[in-house]
Structures are given as structure tokens and as C-alpha cells.
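Here are some notes to read alongside the structure, written as numbered points. Please keep the sequence and the 3D view open, and look up each place as it is mentioned.

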Amino acid sequence: MDDSLGFYEVSTKEKAYFAVRLIVSVVLYALIIAVIGAMVTEGADGERAKATFLIPAALFFFLLYILRNGLFIGLIKSFSVKLGEKQLPEVYKIVSDCSYRLGIKRTPNVYLLQAGGSLNAFSKKFFNSNYVVIYSDLLEAYYQGDKDAVEFVIAHELGHIKRNHFIKELFLAPSAVVPFLAAAYYRGCELTCDNIGKFFNPKGALSGLLMLAGGKVIYRELNLEAYINQEKTDASFWRWLVEKFLSHPNLYKRLLNVYDPTMVSKFKVSASSKPYKYDTSEVLEKIVDADKADYSRYMPK
Ligand SMILES: [Zn+2]
């Protein structure tokens, strides 16, 4: 369990890769300072001039970073609907309640973005403000009765803010020189945020991830056990390799993580011997019975 809050579990992968990235970054910062220091104090005139050029160069890249992120926030504000007490208040309330319970001091700015059918959400930090952007297809699922799944996704996004992932990333940037390290860390962060989402809505953790896998209507038809078994039945070198480049673990790994944190390692052990089985009937029943929503709007007219 998390040391300070004690109610959600921080992924061991996030902890381990954070430690490695921190060490690499600190070493690189020290190295950069030492090299610049040596250029200024011991270098010839030409080297000293190069060292002084590094300050405006660093400033230039910082300004580029501000510009890129500022424009992105500007785009969100231009093309999204801002949620609040007078705009989809029930969804805004989920965000403000989860924020309060997570100890996030100010409720983030929440936006609804029409994203052409994508089922997703993301969060972002810019200076002192936090943003949560929810894609409209996900909110359609909410208004069709899939409240648990959407609550899980919202809490997951707030998890990134709670864990200060955006600020940490800035400081850890130098460690990106180590291939695959940053992506491995991001995947650990995703598992932690799934745990945070699960804390707020355990049922939504399963239905939410299944929804991301199969879509907001078809997910109800999916066999959870068979899907999770893909971790073993679909294992291949290429799937292993591609994961090294990705910021998110595959969805069946994420499902295993929220179902039981020890399942991933147990699964690996059992994979070579006999088919993996565990009883999911109760969980499946809960998902299927979660809501009897009206799906007629998705039917061909
Ligand atoms: Zn995430």
C-alpha cells in the first residue's frame, strides 16, 4: 500500500523504474554541471564562449516547451466543452469528489472533447493548473448507464495528477537517453493509476478496461477470462518487443493487475505448465448486471 495515504497501491514497476530514472538523471545533471564548470574555469576562450552559449540555448528549449504545451491547452480550450456546476454537473461532481478524496487541492479543469469515436481520456498539467479531458464517446457510455466504467477512467486520470507524474517527468527528462527506460516507467505509472481507479470503483476497473478493449457496446459480450488468457495464448516475441516501445501495458495485463495484483506473476509461472484458470463468474455477473441500459440508439435506423 502507498506509504503516505494507505489506500491505493503504487505499482512496484513505477517505484523501481522511478529509482533508476532518478539515479540516471542525477548522474547526468552532475555530469553536465561538471563539464560546463570545467569549460568555464579551465577552457580556452573558445570553450568559454561555447559554455556561455549553453544558457540562452537552454532558455530557448524551455520557451519551446512552454509554447508547445501552451498551444495544446489553447486547442483544448478552443474545441472542448468546459464542465462545471452548470455543464454536465453530474460528471463534474465525480471529478470534484474524486479530487477531494485524493487530496488534490483544486478540482482540475474538466473538458469534454468530441474525438471522432475514440474511447479515451487524458490529463495534463500546465504551470499551476491541471486539466482532465474526457472524450465524448466515453461520456456517452456514462449517460447510457455505464457509470462505473467512466468513474474508473476519471479516477485513473486524476491518479496521474495525484502522483505528480507530469512534474516528475520534467525532472527525469535526462534519463530518456537510456533506451526503453522511460516507457517502462510510464507503464508502471499506468498500473498505479489503474489501482487508484480501482480504489474508487472496483467494478468499474474491470468493465472500464474491457470497454477500452472492446468498445462501449460490444464489451458486454466479451468473455473476461478468455480475454485475460490472451496474455498466455497470444504470447509472442513481437508482442513482447513492441511493449518495450509503448507507454501503456496491454489491456489484459492491466485487467490482471486490477483483478489481483499478484496475478501477473502467478500467470507467468502457470503459463508453461497448464492452462490458467480462476473463477470470474461472479465478476462477470456483476458486470453484465451492472446496468440494463438502453442501447437502441446504437442500432441501425
Ligand atoms: Zn494513464
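1. Thr192 belongs to helix H7, which covers residues 181-200, and in this predicted model Thr192 has a relative accessibility of 0% and therefore counts as buried. A polar atom of the Thr192 side chain lies 2.9 Å from the backbone nitrogen of Ser11. If neighbours within four places in sequence are left aside, the residues in contact with Thr192 are Tyr8, Glu9, Val10, Ser11, Glu14 and Arg163.

2. The zinc ion has protein donors from His156 (NE2), His160 (NE2) and Glu190, where Glu190 (OE) is listed twice, and these donors lie 2.1 to 2.7 Å from the ion. Along the sequence, the spacing of the donor residues can be written H-x3-H-x29-E. His156 and His160 are four residues apart in helix H5 (residues 147-162), so about one helical turn separates them. His156 has a relative accessible area of 4% and is buried, and His160, with a relative accessible area of 9%, is buried as well.

3. How is the geometry of the zinc site classed, given its four donor atoms? The angles among these donors run from 51 to 129°, and the site is irregular. The reasoning rests on a cut-off: four donors count as tetrahedral if all angles lie between 85 and 135 degrees, and the lower end of the range found here is 51°.

4. How many disulfides are there? The count comes to zero, and Cys193 serves as an illustration, because its sulfur is 6.7 Å from the closest cysteine sulfur, that of Cys189, which is too far for a bond. Cys193 is buried at 0% relative accessibility, and Cys98, at 7%, also counts as buried.

5. The largest nonpolar core has 45 residues, and those with the most contacts inside it are Ile134, Leu138, Leu139, Ile154, Leu158 and Leu255. Helix H5 gives the most to this core, contributing eight residues. When residues up to four places away in sequence are not counted, Leu255 touches Ala205, Leu206, Leu209, Leu210, Leu224, Tyr227 and Ile228. There is also a second, separate core of nine residues, and Ile73, Tyr131, Val133 and Tyr135 are included in it. As general background, nonpolar side chains tend to be buried together in soluble globular proteins.

6. Helix H4, made up of residues 136-143, is mostly covered, since six of its eight residues are buried. The buried residues are Ser136, Asp137, Leu138, Leu139, Ala141 and Tyr142. They pack against helix H3 (89-102), strand E2 (109-113), strand E3 (121-126), strand E4 (129-135), H5 and H8. After H4 comes Gly145, which has a positive phi, near 115°.

7. Arg220 deserves a separate look, as its place is in the loop between helix H8 (202-214) and helix H9 (224-233). Is Arg220 buried or exposed? With a relative accessibility of 17%, Arg220 counts as buried, because the cut-off for this class is under 20% relative accessible area. The side chain of Arg220 makes a polar contact with the side chain of Asp146, at 2.8 Å. Arg220 and Ser207 are 13 residues apart along the chain, and their C-alpha atoms are separated by 8.2 Å.

Methods:
Residues numbered from 1 in each chain as written. Predicted model: local features only at pLDDT ≥ 70, side-chain atom pairs only at ≥ 80, totals over all residues. Heavy atoms only, no water. Donors = N, O, S within 2.8 Å, 3.2 Å for Na, K, Ca; no water. Tetrahedral: all angles 85-135°; square planar, octahedral: opposite > 155°, others 65-115°. Helix = DSSP H or I, 4+ residues; strand = E, 2+ residues; numbered from the N terminus. Buried < 20%, exposed > 50% of the residue type's maximum accessible area, 1.4 Å probe, protein only. Disulfide = S-S within 2.5 Å. Core = buried A, V, L, I, M, F, W, Y, C linked by side-chain atoms within 4.5 Å. Contact = heavy atoms within 4.5 Å. Polar contact = N/O pair within 3.5 Å; in protein donor to acceptor, adjacent residues only side chain to side chain.
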